[in-house]
Amino acid sequence: MAAAAAAASEHAAEEGPLSIYKAARRIKRRESTLYNALRSVADDAAFVAEIAALWPALPLVANLRCGLWYAQPRSLAATCYFKSTDGHAGNWGFSTARLNLHLALLAGERGGCIIVDSTRKGKRFPDSMAKTIPIWCCVLNRAIQRHRLRAINQAVVSNGDAEEYSGSSNWDSSVHLPVWVLETEKNAIEGRIEEWANLFESCGADIHSLALGLQKPLRPLWISQNTRIWLNEVPDHQLWDFTPIILVSASASGTVATQRTASEFSWRYIPGAGDDEESWARGLTPTLFWKHSYDLLDGGPDLCNQLVADIVEKDRVYRAQRGEHSPQVIVKHVKCSSHGLEPYKGDHTIIAQPMNSNPSTIAPANTQYSNGGHVVFWIGTSNLAVGSTMQVADGLADMDCILNCDSTSRLPPSSSEDSYLELPIVGSKDERFSLLKNLPKAVSFAKKNLIARRKMLLCCQNGEDISICVALAIITRLFSDTGSFDCGESFMRRDITKLEMRKRLVFICKYAVNARPSRGNLRQVYGFLCNEKEQLPC
């Protein structure tokens, strides 16, 4: 009935006078079909694969979320999260909630990296690549340069480290922006680098690990489909005097849509088709697309919509049943050695340093991108882990208790009410104070189980936002500055400021490298902590 009503409404609109606006909308609707989008993504992904093959030693990284569409999941070494809004003219920023330090450490370990992203027609590069990432590179370089100079001047490093830091005078910490950025904009960005470097240093990030992991400064390079590269003169990245961050804009930048033909089907190319997937993908994810890409593309435009609907429905049914029929994945915990706690990385589990670990130890940079695997991020030695309900539903065997913050999914409940709590928390865009109302129950549940030294899983639908914010509230409310559980004694003596909360978020993001907490949810965490502080006895 709804479909018939929509069709009748559309037919009635077509019978009315045709304005330029209506004509443009009609043309755009005809061009922006699901098949055209998927064909465009596959075409651009072939270009990305060609660029990645030029530097096979460099890891390929997808900038969330659009970048995930332009590479097969098995070819991705990691993901990162740089927002274009941090690079918009007049709104430039350096976000401590999106530090992406795992990317810098990965680039230092492998000699560089390749980041893929895309944008809609009219631009060669998204603002995330044109300005956000260059700002990020410069701020990290500036902070590392300061750290190296302080280490040399204070003579607090060993001879080996001092030798590594001896090149600090030649360390490039200037801003490198693409040539099409206006000089006035470049000067405005340069004028704020010192401010952002101070902000980075104050947020508690492990700059020492960065200084040890990066032997050469970070520097962005830009490649698009308009870039000319002579295949017999591809430069060796190891010979450069910087660590290259190669930014690949996957889509062509033409402003006019072009008709293309492949095999027996013709289709219209859509630049940046992977952007804003909610508006066109119909529930299809990048992982599902690449798993069924041959069937979807060979089926043609007439069958594409039905094929996608069948694939999405089969995946939904599989996810609903897999808790009963899929093999369990054991989630391992921290291993100890004669030297104390060490980073451990299993097949699907990442375990990293404690909050009060020796700063001379490099933080783990080899976090893996998992194609539908069961990824659980342990937050230091806190006995807290975060993950996605879509990925960890089978990996609960080694968990003592579960705090499920997903309003759309039900995990298998434990036998005891004390070891399973379900809080149907929704995002701040759907309900403004949903997280704030549920945080008291979440912290109380966590306190009871942490006192009993139980291992706890915090999970939400994507494992990137709500579960991260719940973990932030628990760690700020119940843990000391050194990362040890103290039932909230240090919270009673400590002032709650946004800087203190930012430091703990940076600590969490050091381990949960996929964290993407929204601003609205972070505000609710801050409001909860302020309310808790006010209710404490004087």
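This is a short tour of a predicted model, with a few things to select along the way.

**Stop 1: the whole protein**

Start with everything shown as a cartoon. You should find 18 helices and 16 strands in the protein. Of its 538 residues, 51% count as buried. Now switch on a surface: the accessible area comes to about 25900 Å², and carbon and sulfur atoms own 51% of that. How do contacts link up the chain? Among contacts between residues at least 6 apart in sequence, 73% join residues at least 24 apart.

**Stop 2: Ser 173**

Next, select Ser 173. You'll land in the loop between helix H6 (159–164) and helix H7 (183–190). Is Ser 173 buried or exposed? Ser 173 counts as buried because its relative accessible area is 12%, and the cut-off for buried is under 20%.

Show side chains here and look for Gln 145. The side chain of Ser 173 makes a polar contact with the side chain of Gln 145, at 2.9 Å. Leaving aside residues up to four places away in sequence, Ser 173 touches Cys 138, Asn 141, Arg 142 and Gln 145.

**Stop 3: helix H14**

Now jump along the chain and select residues 434–451, which make up helix H14. This helix has 18 residues and reaches 27 Å from its first C-alpha to its last, close to the expected 26 Å. Where does H14 bend? Click on Pro 440: the helix bends there by about 30°.

Color the buried residues of H14 next; among them are Leu 435, Leu 439, Val 443, Phe 445 and Leu 450. To see what covers the buried residues, bring up the surroundings, including strand E13 (384–388), strand E16 (456–460), helix H15 (466–478) and helix H18 (519–535). Before leaving, step just past the end of H14 to Arg 453, which takes a positive phi of about 60°.

**Stop 4: Phe 485**

Finally, select Phe 485, in the loop between H15 and helix H16 (489–493). Phe 485 is partly exposed because its relative accessible area is 27%, and partly exposed runs between the 20% and 50% cut-offs.

Which residues does Phe 485 touch? Not counting residues up to four places away in sequence, Phe 485 touches Lys 447, Leu 450, Ile 451, Leu 478 and Phe 479. You've already met Leu 450 as one of the buried residues of H14.

For a last click, pick the C-alpha atoms of Phe 485 and Thr 381. These two residues are 104 residues apart along the chain, yet their C-alpha atoms are separated by 9.6 Å.

Terms used. Residues are numbered from 1 along each chain as its sequence is written. This is a predicted model: local features need pLDDT of at least 70, side-chain atom pairs count only at pLDDT 80 or more; totals for chains, interfaces and linings use all residues. Side-chain values use heavy atoms; hydrogens and water are left out. Helices (H or I, at least four residues) and strands (E, at least two) are DSSP runs, numbered from the N terminus. Buried means under 20% relative accessible area, exposed over 50%, partly exposed in between (1.4 Å probe, protein chains only). A polar contact is a pair of N or O atoms within 3.5 Å; within protein, one must be able to donate a hydrogen and the other to accept it, and residues adjacent in sequence count only if both atoms are side-chain atoms. Contact means heavy atoms within 4.5 Å. The expected span of a helix is 1.5 Å times one less than its number of residues. The bend at a residue is the angle between axes fitted to the seven residues ending there and the seven starting there. Accessible areas come from the Shrake-Rupley method with a 1.4 Å probe; for residues, only the protein chains shown count as cover.
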